[in-house]
Amino acid sequence: MITQVKRQDHYAELFLRSLDNNDQPEWLKALRSNAFDYFLINGFPSVEDEEWKYTSTAPIAREKFELAENAAEIPSIENFLISESKESRIVFFNGQFVKEASNLSALKGIKVLSFSEALNDSVSEKFIRENLANHVSYNKNGFTALNTAFIDEGLFLLIPANYRLEVPIQLLFLATQEKMAFPRVLIVAEKQSCLTLIESYSGFESEKYFTNSVIEVTLSEGAELKHYRIQRESSEAFHITNTSIQISKNATYDSTNITFGAKWSRHDIVTNFHGEGGQAFVDGLYMVSGEQHTDTHSVIDHRFAYCTSRQNYKGIIDGKSRAVFNGKVFVRENARGTDAHQSNKNLLLSNEARVDTKPQLEIFNDDVRCSHGATVGQLEDEEIFYLLSRGINPMLARNLLTYGFAEEIINKITVDSVKQMLDETLLNRLSAKL
Amino acid sequence: MLLEVRDLHAGIEGKEILKGLNLQINKGEVHAIMGPNGSGKSTLAKVIAGHPNYEVLKGEIIYKGKNLLEMEPDERAREGIFMAFQYPVEIPGVSNSQFLRLAYNEKMKHLGCEELDPIEFNDLLKEKAKLVQMDADFLKRSVNEGFSGGEKKRNEILQMAVLEPRLAILDETDSGLDIDALRIVADGVNKLRTSENAIILVTHYQRLLNYIEPDFVHVLADGRIVKSGDKKLALELEEKGYDWVKAAA
């Protein structure tokens, strides 16, 4: 108990300093304070919490990361940039949106503002007040509470009605040694707008830091978002993201969530339907090895009729690593005509690797088409033999099949350089050539 | 002699299926192995290819003067043995051309020849695909994924065309094919037939042999070859059924 108090003292000191040094409006300071109070009382989630049953937060709680100073010098980011987003990249460094490192020249038609700018812009201010922390439960999750408590220079993106952005936007989140970063992003896509977003997390070789981000997205009627989340944090990093997606009538959310990096990572993604005819594709791939630990918790909530959801998550677990997948799909009483399918397939590449998967489907309406399933297995002998019988050696045969297993997810990605980069990472990890 | 099987006893999961099989194959020959279900035709094919689930209990197989049973399945393939599967396996996420280039280059490396880069290989592949009337589109698709039965069998023959085996075993390649697909597959095989290679056709029906003419026909029953002859034997079988041979044996 004593350590618990001490640990929170560390955060309390940082929190108070951060709150004092900020001229945010009172409502925002109040929100931050409420969130911090929750964290002070509850701390980080414990494994007694059903949602955290397989993921211990103790390794993070033990650490004392520092909050980054403003105006720190930004290291070279060249290696992390996506060529399609040369003129549409938004850079976060140690949790803060840094305009100077960003390039917004292809984004003139939309609003790209830091929180401090947005709060001085009457249109944006209203959006922020109405949407910030509206759907993410900072009062249920200590990490989200902590992120909310440390809201500083976040990013506000507003895509105007009918605006179709042709270039993909890259959000690059970079963190460095011993820092903790609390990136916060709020995106509002107005009616019939269309956008591709690449949310990428990176770090430098074996640096140890803690990224704790919250991404909130509201899709208005008929809006479309393609969302690629690429987590390639450094091998010693801690990473957690809470993604919250609100889908209005006839809007489409199509996401692919890739997890390669971090020593310890967790992704909570909640997708809520707010009108009829919405569509959600929430797919992902986690590939871990060594002593990595990764946890995905997904909720897809069908609250309205005639919405469609597809979830296809795949996992490749090697070495002594461990993965957790928990996917809940709710179909509420009035959600007739729901079409929901969920699948989680896992490939264990070593005897010491482990996965805990729990797909859950809760249906309260009869007029629906739903299915779900999960598998945990190894490569099929018959598949391996097929490759051997063509002269391919056993090691290469295994690598090729593992590659193929992952490709189903990676092939979905429509931004060429992202797909290519993921292919390369995958092959490097398999030390295979194709 | 390319292949010699001597007194082969083999089985699966402790059950003996082949019970003293003898077979000799020279280069340039096409042998048809026929027989009722359960006679051991597919077991023979899989034992030659080196399927790990099959166990050799007794006997030997000599291939190009070497003890085949001491070779790993992938080594056998690089040494020129090829089996067209009765049920080809689907490999999602790996394209036909990627897969074939990998297999081709493994073999080239083994032979001490130069490997081909993707562009060079694609030229080769396009030529080979014509043999089985396969569109370029097929080459980009994942191996066998979503292919019809006929397309899968054509794909097996395409692999054979690319890998140019010395000994090809076609395991019930005719099963499940309609007449058009059968003709395409058979044409492909006939074009691949040379004086340097040999082909074993494992089949239940005589139909395939109308299109690919064998030099020898063997009838397998209860794990042994009970009768051998030329192509006329297949016609006789078609007329009189397998019971006739079994009774005679």
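**Exercise 1. Explain why strand β13 of chain A counts as largely enclosed, and find its partners.**

Solution. Strand β13 (residues 252-259) of chain A has 6 buried residues out of 8, so it is largely enclosed by the rest of the structure; buried means that 20 or more other C-beta atoms, placed from the backbone, lie within 10 Å of the residue's own. This is a predicted model, in which local features need pLDDT of at least 70, side-chain atom pairs count only at pLDDT 80 or more, and totals for chains, interfaces and linings use all residues. Residues are numbered from 1 along each chain as its sequence is written, and chains are lettered from A in the order in which they are written.

Next, take the partners, where pairing requires at least two DSSP bridges between two strands. Strand β11 (residues 224-232) of chain A runs parallel to β13(A) and is joined to it by 8 bridges, with Q231(A) opposite T259(A). Strand β15 (residues 279-288) of chain A also pairs with β13(A) in the parallel sense, over 8 bridges, and here N257(A) stands opposite G284(A).

**Exercise 2. Describe the side of chain B that touches chain A.**

Solution. Begin with the count: 21 residues of chain B are in contact with 22 residues of chain A, contact meaning that C-beta atoms, placed from the backbone, lie within 7 Å. Then ask which elements contribute two or more residues to this side of chain B: they are α2 (73-78), β7 (91-95), α3 (96-111) and α6 (149-163) of chain B. Of these, α3(B) gives the most, with 5 residues.

Methods:
Contact = placed C-beta atoms within 7 Å. Helix = DSSP H or I, 4+ residues; strand = E, 2+ residues; numbered from the N terminus. Buried ≥ 20, exposed ≤ 12 C-beta atoms within 10 Å, placed from the backbone.
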